[in-house]
Amino acid sequence: MAKKRYALFHLIFLLALIAITVNVSQQLYSDSVRDFNDDMNLQGEKTWELPNNGSGRPLPREDEDPVILGNSSEGILYFIQITDIHVSKFRPDVGLRHLQHFLTSVVPVVKPEFIIATGDLTDAKTPEKLRSRQYQEEWQMYRATLEASGVVDKKDYWFDLRGNHDCFNVPDWEHALNYYSRYGVTQKEGFAHTFVRPFGSYRFVSIDGW
């Protein structure tokens, strides 16, 4: 009984601390906005308005904020960045299953213009997870999953690069254990790619994990 009362006391204390922290943060934010507005008024600049809903966050006026989004996707570049997939031959219900779900359930809904996987494509860990080792099977599982989904058939659609796990036990790019150079999609030691659209040009630069 004493342990339950002790735990309940700590829970109440924690909730009270959270409430105080949120209240203080909102007050500090409101004060900073007012200070900013005072400075802007002195300089004859436009100011922010605080909302009346008590959130403490300033709401920009719609006629002054060019970043407000409407219902149209015009002028927006949609892309997805994922990382740390960790495809593992010993734990296929984690990394591989998550990758399959992403490709079959997330990608068709978001409909990105391209996808970039930023490293740790495979796990490269021994069963007890105490040592590292490159397993060709993991890279084959990764590549086969991508091919089955069709993402590799689209030009400039799936980009990937190595993370530290993909470089375990790989002393250099030409080494036989560099399975990324065989099963990866981009197969480069870092790369840069520019997407040109009517509303702008966007350059993405990646750095290899080795």
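Biologist: Is Glu128 buried, partly exposed or exposed?

Modeller: Keep in mind that this is a predicted model. Partly exposed covers the range between under 20% and over 50% relative accessible area. Glu128 comes out at 37% relative accessibility, so Glu128 is partly exposed.

Biologist: Which residue forms a salt bridge with Glu128?

Modeller: The closest N and O atoms of this pair are 3.2 Å apart, and a salt bridge needs them within 4 Å. The partner is exposed, with a relative accessible area of 53%. That partner is Arg131.

Biologist: Which residues do salt bridges with shared partners join into one network?

Modeller: A search of the whole structure turns up 8 salt bridges. Where they share partners, they link three residues into one network: Arg91, Asp123 and Lys129.

Biologist: How many residues apart in sequence are the parts that Glu137 and Lys89 tie together?

Modeller: Glu137 and Lys89 form a salt bridge, with their closest N and O atoms 3.1 Å apart. Glu137 sits in helix α3 (residues 136-149), while Lys89 is in the loop between β1 (79-82) and α2 (95-110), so the pair ties together parts whose separation in sequence is 48 residues.

Biologist: What is the relative accessible area of Arg197?

Modeller: Arg197 meets Glu113 in a salt bridge at 2.5 Å, N to O. Glu113 belongs to the loop between α2 and β2 and Arg197 to strand β4, so this pair ties together parts 84 residues apart in sequence. Glu113 is partly exposed at 29%. Arg197 is partly exposed too, and its relative accessible area is 23%.

Biologist: Now the rings. Why does the pair Phe114 and Phe195 count as stacked, tilted or edge-to-face?

Modeller: The whole structure holds 14 aromatic pairs. For Phe114 and Phe195, the ring centres are 4.2 Å apart and the planes are at 10°. Planes under 30 degrees apart count as stacked, so this pair is stacked.

Biologist: Which strands hold Phe114 and Phe195?

Modeller: Both residues are buried. They tie together parts 81 residues apart in sequence, because Phe114 is in strand β2 (residues 114-118) and Phe195 in strand β4 (residues 191-197). The strands are β2 and β4.

Biologist: Which residues form one aromatic cluster?

Modeller: The stacked pair of Phe114 and Phe195 belongs to this cluster. The full list is Phe79, Phe114, Phe159, Phe191, Phe195 and Phe204.

Biologist: Which residue lies over the face of Tyr157?

Modeller: A charge over a ring has to be within 6 Å of the ring centre. Here the distance from the centre of the Tyr157 ring is 4.4 Å, and the residue is Lys154.

Notes: Residues numbered from 1 in each chain as written. Predicted model: local features only at pLDDT ≥ 70, side-chain atom pairs only at ≥ 80, totals over all residues. Heavy atoms only, no water. Phe/Tyr/Trp six-rings, centres within 6.5 Å; stacked < 30°, edge-to-face > 60°. Helix = DSSP H or I, 4+ residues; strand = E, 2+ residues; numbered from the N terminus. Buried < 20%, exposed > 50% of the residue type's maximum accessible area, 1.4 Å probe, protein only. Lys NZ or Arg CZ within 6 Å of the ring centre and 35° of its normal. Salt bridge = Lys/Arg side-chain N within 4 Å of Asp/Glu carboxyl O.
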